[in-house]
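Student: I have a new model open and want to learn how to read it. Can we go through it feature by feature?

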Amino acid sequence: MKNLEAALSLRCKKEFEKSNQLLMELAKQNPEDAVIQYQCAWSLDILGLESQAVPYYETALTLGLSEEDAKGAYLGLGSTYRTIGEYEKSKRTLETGLSKFPEDKA
């Protein structure tokens, strides 16, 4: 998807707001695309908009992600919950991620 590539390229160039604007539009246009939802959550986190990132992480995980993206989404969502003071949700999310990917316990 060309627009997703453009948004990720902007993020690599540290043009976070432009990247986020594009990802937000893509998320609206593609509500069933787990990867776009995950990337949108990530972009909101980068901007310090953690509370807004939560539903995008949750949607991405519900829709299903590749193993690598799912690992990142569990970590991102758990960290985001911690940042916004949702400590029990943070703990449960991180424990769920560890149970799904036990080989990553380090």
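Student: Is Glu67 buried, partly exposed or exposed?

Tutor: Keep in mind that this is a predicted model. Glu67 is partly exposed, because its relative accessible area is 47% and the exposed class begins over 50%.

Student: What does Glu67 form a salt bridge with?

Tutor: Start with the general idea. Side chains of opposite charge can pair when their charged atoms come close. Here Glu67 pairs with Lys71, and the closest N and O atoms are 3.4 Å apart. Both sit in helix α5, four residues apart, so about one helical turn separates them.

Student: Which other side chain meets Lys71 in a salt bridge?

Tutor: That of Glu103, at 3.8 Å from N to O. Lys71 lies in α5 and Glu103 in the segment after α6 (87–100), so this pair ties together parts 32 residues apart in sequence. Through shared partners, Glu67, Lys71 and Glu103 join into one network.

Student: How many salt bridges are found in the whole structure?

Tutor: Three. Among them is the one between Lys18 and Glu15, with the closest N and O atoms 3.4 Å apart. Glu15 counts as partly exposed because its relative accessibility is 27%.

Student: Now the helices. Why do the buried residues of α1 line one face?

Tutor: An α-helix has 3.6 residues a turn, so residues three or four places apart point the same way. In α1, the buried residues are Leu4, Ala7, Leu10 and Arg11. Viewed down the axis of α1, they fall within an arc of 120°, so they line one face. Lys2, Glu5 and Cys12 are exposed on the other side. The cover over the buried residues includes α2 and α3.

Student: Arg11 is on that buried list. Which side chain of opposite charge is nearest to Arg11?

Tutor: Asp69, 8.4 Å away, and Arg11 has no salt bridge. The Arg11 side chain does make a polar contact with the side chain of Gln39, at 2.3 Å. Beyond its neighbours within four places in sequence, Arg11 also touches residues including Phe16, Leu23, Trp42 and Ile46.

Student: Last, the core. Which residues have the most contacts inside the largest nonpolar core?

Tutor: In soluble globular proteins, nonpolar side chains tend to be buried together. The largest such core here has 25 residues, and Cys40, Tyr56, Tyr57 and Leu65 have the most contacts inside it. Helices α1, α2, α3, α4 and α5 each give two or more residues to this core. Take Cys40: leaving aside neighbours within four places in sequence, it is in contact with Asn20, Leu23, Met24, Ala27 and Tyr56.

Note on methods
Residues numbered from 1 in each chain as written. Predicted model: local features only at pLDDT ≥ 70, side-chain atom pairs only at ≥ 80, totals over all residues. Heavy atoms only, no water. Core = buried A, V, L, I, M, F, W, Y, C linked by side-chain atoms within 4.5 Å. Buried < 20%, exposed > 50% of the residue type's maximum accessible area, 1.4 Å probe, protein only. Contact = heavy atoms within 4.5 Å. Arc of directions from axis to C-beta. Lys, Arg positive; Asp, Glu negative; His and termini not counted. Salt bridge = Lys/Arg side-chain N within 4 Å of Asp/Glu carboxyl O. Polar contact = N/O pair within 3.5 Å; in protein donor to acceptor, adjacent residues only side chain to side chain.
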